[in-house]
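I opened this model to look up two things: how one of its sheets is put together, and where empty space is left. My notes follow the order in which I checked them.

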Amino acid sequence: MSTTFAKSNVSGGVTVRRSEDRGRFDHGWLDTRHTFSFGQYRDPAFDRFRSLRVMNEDRVAPGRGFGAHPHRDMEIVSYVLDGALEHKDSLGNGEVLRPGEFQRISAGTGVVHSEFNPSPDEPVHFYQIWLLPDRDGLEPSYEQKRFDEAGRTDRLRLVASPDGADGSLTIHQDARIYLATLTPGASVTGELADGRYGWVQALRGSFMVAGETLGAGDGAAVSGLSSLEIASDDGAELLLFDLA
């Protein structure tokens, strides 16, 4: 499941994907950035990383959204940074996702859903993440959970895992997703077992990892490192993926 990344960006087991190098489309109602190939955007060098298939940063205008559309055989995780996102699906779920909350959709054999910005005046800013499932043909399911800021401040908070450990979302893949909010001057350390890979995504602010500085929107693939110290001078919010 590996991906060939641009060799010029490799340093000490870290391959950086800069925010400004991502695919971008501005549809008026939707301003979207694609870390990996998605829709009309194709980049053979950044098609996916391990089971991580999609990393989209979306901003949706007030009163607009994605109409009902189908998915299958994909684990879809969404996280709202600002605003609110209203979800409806063919399983009968109808929820509003707000900052600090994660949503997981296991599309499996097929699900139809819509995502809409219910605010009349505020945009919604969120990340949509897709992971390949460990097998096709799963029964479709939905899950949504809130993770308090106190539990993720200056620590890595597990928010998704194969077994739902520590109250995390349950995803059908050998992957774990951690969320951290770093205060100025703070650091966290992520551990990767032998043969594991990491992806770090900067959501807000900036931080140092393995000798690289990542700012908002930047991502980095990690291989061959057992320990990752992530340190921020001015404060940051980030996701860390532990991947098979």
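These entries cover a sheet, two pockets and a cavity in a predicted model.

**Entry 1, the sheet.** I looked up the strand order first. I find an open sheet of 4 strands, ordered 6-11-8-9, with antiparallel pairing. Strand 6 (65–71) and strand 9 (94–97) are the edge strands; each has a single partner, so one side of each has no neighbour in the sheet. From one strand to the next, the twist averages 20 degrees.

I then checked one pairing in detail. Strand 8, residues 85–89, pairs with strand 9 over 4 bridges, in the antiparallel sense. I noted which residue of strand 9 faces His 87: Glu 95 stands opposite.

**Entry 2, the largest pocket.** I put its volume down as about 240 Å³. There are 17 lining residues, and Leu 30, His 34, Phe 38, Asn 56 and Phe 66 are the closest to the centre. I also looked up which strands contribute. Strand 4 (30–34), strand 5 (52–60), strand 6, strand 11 (111–116) and strand 12 (124–131) each give at least two residues to this lining. Sorted by class, the lining holds 10 polar, 5 nonpolar and 2 charged residues.

**Entry 3, the second largest pocket.** The volume here is about 170 Å³. I list 14 lining residues, with Glu 149, Arg 152, Thr 181, Arg 204 and Glu 237 nearest the centre. At least two lining residues come from each of strand 7 (75–82), strand 18 (197–209) and strand 22 (236–243). Which strand gives the largest share of this lining? I find that strand 7 does, with 3 residues. The class split is 5 nonpolar, 4 polar and 5 charged residues.

**Entry 4, the cavity.** How many cavities of 30 Å³ or more does the whole structure hold? My search of the whole structure gives 1. About 50 Å³ of space lies in the largest cavity. I wrote down its lining as Phe 66, Ile 76, Ser 78, Leu 85, Gln 103, His 113, Glu 115, Phe 126 and Gln 128. Strand 7, strand 11 and strand 12 are the elements that give two or more residues to that lining. By class I have 4 nonpolar, 4 polar and 1 charged residue.

**Entry 5, cross-check.** I compared the lists for shared names. Phe 66 is among the residues closest to the centre of the largest pocket, and Phe 66 also lines the largest cavity. Strand 11 and strand 12 supply residues to the lining of the largest pocket and to that of the largest cavity. Strand 7 gives residues to the second largest pocket and to the largest cavity.

Definitions and conventions: Residues are numbered from 1 along each chain as its sequence is written. This is a predicted model: local features need pLDDT of at least 70, side-chain atom pairs count only at pLDDT 80 or more; totals for chains, interfaces and linings use all residues. Side-chain values use heavy atoms; hydrogens and water are left out. Two strands pair if DSSP finds at least two bridges between them. Axes are lines fitted to C-alpha atoms, for helices over the stretch in contact, and angles run from 0 to 180 degrees between N-to-C directions. On a 1 Å grid over the protein atoms alone, a cavity is a set of points where a 1.4 Å probe fits but cannot get out, and a pocket is an open set with protein on both sides within 12 Å along at least five of seven lines; lining residues have an atom within 4 Å of a point. Grid points are joined across faces, edges and corners, and a volume is the space filled by probe spheres set on the points. Ala, Val, Leu, Ile, Met, Phe, Trp, Tyr, Cys and Pro count as nonpolar, Asp, Glu, Lys and Arg as charged, and the others, Gly among them, as polar.
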